[in-house]
Amino acid sequence: MARSARPVVHYMATRPDGTVPPTCEHLARYAREHSETVPTVNLADHIGQVIDHPSPGQKWYTDKPFSYFHMYTRPGAILERIEDGWPIRLFVVEPLGETGNWGDDFAPYWLMSHQIRVVEETEAWRSFGHRGEQVLAVLAQLPDLARQWATEWAADPEGTRRTYAKWEERVADTHALTQWAYWRAQSSRRSAGLATANQLAGDAAAQAATDAGADPHTVAMIQLRARCLVAGQLMHDRIRNGEYEQSIRALLLGAALDTPAPVPA
């Protein structure tokens, strides 16, 4: 018996207050600079309801700051078009009426419509993709981890510098972050989740290490370690086949460094 197809789920991300960001940030900025109101709608106020778009644009072009409801069927791609970045809220919606996108080859995981049903609010971690829960858990730990790494560095500057230098060289030589994680994220539609996680990890680690009194080189190395760690967590299930791939994953998780990386679930 053939397996039944998995039902397609459509996701929409909003700002933390539940309002939908514009479909074009540049047009929205221009409108605000000229004292024009950029319309939106609050999905949190319409759970279970059908909503018509407040200012529909031409189908399916971005001819207004907020031209259409823009939803995703691959949650790991959601964060690529969020106006203000993380944090967000995430909703499951159902497109109604006529739908379209910018071409199946260009963005098969996008869908636009001028009417939706707001089904429910769901967990925001899904916007990072399949392993979003693990990524958010690591991001929450990073300030403490970065301070711990900075303390270890201060206790043995030369030894720690040598250890990190060998690890950094191996990360660069194998392209663990720039190719392995990047291309696996592309193929599994988690590129936006990876980019956001990398940014959040780098910022959190740099701030914590700086506050701990680390010098700029140490801060940069701790920042790289944090970015690799979240990438290793996010792509843990995609970089796993064979001994060499497992060595790449270990590099990302910082297995060669003194402090053990958090063990993935």
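Which loop holds Trp60? Trp60 sits in the loop between β2 (50-52) and β3 (69-72), and the views below start with the whole chain before coming back to that loop.

This is a predicted model, in which local features need pLDDT of at least 70 and side-chain atom pairs count only at pLDDT 80 or more, while totals for chains, interfaces and linings use all residues. Residues are numbered from 1 along each chain as its sequence is written, and side-chain values use heavy atoms, with hydrogens and water left out.

**View 1. The protein chain has seven helices and seven strands.**
From the N terminus on, the order of elements is β-α-β-β-β-β-β-β-α-α-α-α-α-α. Helices (H or I, at least four residues) and strands (E, at least two) are DSSP runs, numbered from the N terminus. Along the principal axes, the C-alpha atoms fill a box of roughly 65 × 60 × 30 Å. Of the 265 residues, 48% are buried; buried means under 20% relative accessible area, exposed over 50%, and partly exposed in between, with a 1.4 Å probe and protein chains only. Taking contacts (heavy atoms within 4.5 Å) with a separation of 6 or more, 72% come from residues 24 or more positions apart.

**View 2. Helix α3 covers residues 157-174.**
Here is a friendly check on geometry: at 1.5 Å a residue, the 18 residues of α3 should span 26 Å, and the end C-alpha atoms are indeed 26 Å apart. The expected span is 1.5 Å times one less than the number of residues in the helix. Gly159, Thr160, Tyr164, Trp167, Val171 and Thr174 are the buried residues of α3. Seen down the helix axis, these buried residues fall within an arc of 120 degrees, so they line one face of α3. That arc is taken from the directions from the helix axis to the C-beta atoms. The buried residues pack against α2 (132-155), α4 (176-187), α6 (216-234) and α7 (242-253). On the other side of α3, you will find Arg162, Lys166, Glu169 and Asp173 exposed.

**View 3. His175 and Arg189 each have a positive phi, His175 at about 55 degrees and Arg189 at about 55 degrees.**
Most residues other than glycine have a negative phi, and most peptide bonds are trans. His175 is not a glycine, and it follows α3 in the loop between α3 and α4. With a relative accessible area of 33%, His175 is partly exposed. Arg189, also not a glycine, lies in the loop between α4 and α5 (191-211). Arg189 counts as partly exposed at 29% relative accessibility.

**View 4. Cis peptide bonds occur from Lys59 to Trp60 and between Trp86 and Pro87.**
For the bond from Lys59 to Trp60, omega is near -15 degrees. For the bond that joins Trp86 and Pro87, omega is about 5 degrees. Pro87 belongs to the loop between β3 and β4 (89-95).

**View 5. Pro56 is placed in the loop between β2 and β3.**
This proline, Pro56, is partly exposed, with a relative accessible area of 41%. Leaving aside neighbours within four places in sequence, Pro56 is in contact with Lys64, Ser67 and His114. For a sense of scale, the C-alpha atoms of Pro56 and Ala124, 68 residues apart along the chain, are separated by 27 Å.
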